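Please take a moment with the sequence and the structure shown here before reading on. The paragraphs after them are meant as a guided walk for someone who has not met this structure before.

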Amino acid sequence: MSEVEVIARVESGVGRITLNRPKAIHALNRGMCEAMIAALLDWRGDDAVSSVLIDHAGERGFCAGGDIRMIAESGAGDASEAKAFFRAEYQLNHLMFDYPKPITAIVDGIVMGGGVGISEPADVRIATERTTYAMPETGIGLFPDVGGGWFLPRLPGQTGVWLALTGARLKAADTTALGIHTHYIDSGAVAALKDELLANPSDPQAVADRVAGDAGPAPLDAHREQIDRLFAFDTVEEIFAALEADGSEWALKQLATLKTKSPQSLKVSLRQIRTGAKLTSFAENMAMEYALGGRVVQTHDFQEGVRAVIIDKDNAPNWSPAGLEGIDNASLDRLFAPLTGDDAWTPL
């Protein structure tokens, strides 16, 4: 079993999906997404399965994201492999979002990018003291996909915009305070929680309510007013100006962080979130992100971001255009143009 990247089985009325690619912190590839889809489709109409549990093997983390190196290699060509991955990944995200049975995700450790995509649609989302949550895509020339355009603008105030643009990392006290995760438990209690879920498969919410603890005070609370005020604009230029005008140590630190990110990604991500806030279905959002993703992975900034962060690891990307002024609305319009016919993304 150790070589199987997704272990799917039914135990005591619970459909269990265990991510099993620990050396890569369970980074998702197309085969993993398709295996999860197959299991979820099998269990959807199976009366012997009352709920679903998603967890991971090993101790390094839940899921660090998607297989970025493969996506970049594909994007350097015709992007067909990257698009096939996105199609399957987004169909998995949507299948989970609309799933008729309760899903529990235990995000013990790192949960970023694609890991967010397979945990945010779950009904019960459990964090531990080891949880580190982030959507760091603007640092590699991408954008917070896997449903970020739906989930992030629906977080309190402008916290979703702040998370998307800065790639900030949050611990459980903040993620539970924002509603990103629904419950907190100590990592030492995870095994007992799983035993309880198997004993009460039909009501994971009640089990989580019963065993949940307090993650403690949320450090982000001290900055929520500033986030809501300074990230409320519809252009990245206005956000930059507001942070500079505020002049506080915290605001200037956010500005310095933003200036390290891909200018193209900052503008794409802000438009993605403002657009997603107005959409009426998760499927519409995923169709938007699929069209966008297939184009963005072919851009200079994504290729350069992956080189700098993942391949050469010099963390010195050479963004082009180098400044916000180099990205106009027409270029954004081209990236966001909807796909039609067989090229468009559709749910399963």
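What follows begins with the sheet, turns to one residue within it, and then moves on to the pockets and the cavity.

The model is a predicted one, and a good place to enter it is an open sheet of six strands, whose order is 1-2-3-5-7-9 and whose pairing is mixed. Strand 1 (6-11) and strand 9 (183-184) stand at the edges of this sheet, and because each has a single partner strand, one side of each is left without a neighbour in the sheet. Helix 9, made of residues 204-211, packs on the sheet, where it touches strand 3, strand 5 (103-107), strand 7 (124-127) and strand 9, and its direction makes about 30° with that of strand 7.

Strand by strand, the pairing can be followed across the sheet. Strand 2 (residues 14-19) and strand 3 (residues 51-56) run parallel and are joined by six bridges, and here Arg16 stands opposite Leu53 in strand 3. Strand 5 and strand 7 also pair in the parallel sense, over four bridges, with Ala105 opposite Arg125 in strand 7. Strand 7 is in turn joined to strand 9 by two bridges, and these strands run parallel; the bridge partner of Ile126 in strand 9 is His183. Along strand 7, Val124 and Ile126 point one way while Arg125 and Ala127 point the other way, and all of them are buried.

Arg16, which lies in strand 2, deserves a second look. Is Arg16 buried or exposed? Its relative accessible area is 10%, and because residues under 20% count as buried, Arg16 is buried. Leaving aside neighbours within four places in sequence, the residues in contact with Arg16 are Ile7, Ala8, Arg9, Glu11, Trp43, Leu53, Asp55, Lys194 and Leu198, and Leu53 in this list is the residue already met opposite Arg16 in strand 3. As for His300, it is 284 residues from Arg16 in sequence, and the two are 40 Å apart in space, C-alpha to C-alpha.

The empty spaces of the model come next. Rolling a probe the size of a water molecule over the atoms shows where such space is left. The largest pocket holds about 880 Å³ of space, and of the 35 residues that line this pocket, Ile68, Pro136, Ile140, Val309 and Ile310 are the closest to its centre. Helix 2 (68-75), helix 3 (80-97), strand 6 (110-112) and helix 15 (300-311) each supply at least two residues of that lining, which by class has 18 nonpolar, nine polar and eight charged residues.

About 230 Å³ of space lies in the second largest pocket, whose lining residues include Asp234, Glu237, Lys267, Arg271 and Lys278. Helix 11 (236-246), helix 13 (263-276) and helix 16 (329-336) are the elements that give two or more residues to this lining, and the largest share, four residues, comes from helix 13. By class, the lining of the second largest pocket has three nonpolar, two polar and six charged residues.

The count of cavities of 30 Å³ or more comes to one, and the largest cavity holds about 60 Å³ of space. Among the residues that line the largest cavity are Val116, Tyr133, Met135, Phe151 and Leu155, as well as Glu120 and Asp145; by class, its lining has seven nonpolar, two polar and two charged residues.

Notes
Residues numbered from 1 in each chain as written. Predicted model: local features only at pLDDT ≥ 70, side-chain atom pairs only at ≥ 80, totals over all residues. Heavy atoms only, no water. Pairing = 2+ DSSP bridges. Contact = heavy atoms within 4.5 Å. Axes fitted to C-alpha atoms, helices over the stretch in contact; angles between N-to-C directions. 1 Å grid on protein atoms, 1.4 Å probe; cavity = no way out; pocket = protein on both sides within 12 Å on 5 of 7 lines; lining within 4 Å. Points joined across faces, edges and corners; volume = space filled by probe spheres on them. Nonpolar A, V, L, I, M, F, W, Y, C, P; charged D, E, K, R; others polar. Buried < 20%, exposed > 50% of the residue type's maximum accessible area, 1.4 Å probe, protein only.
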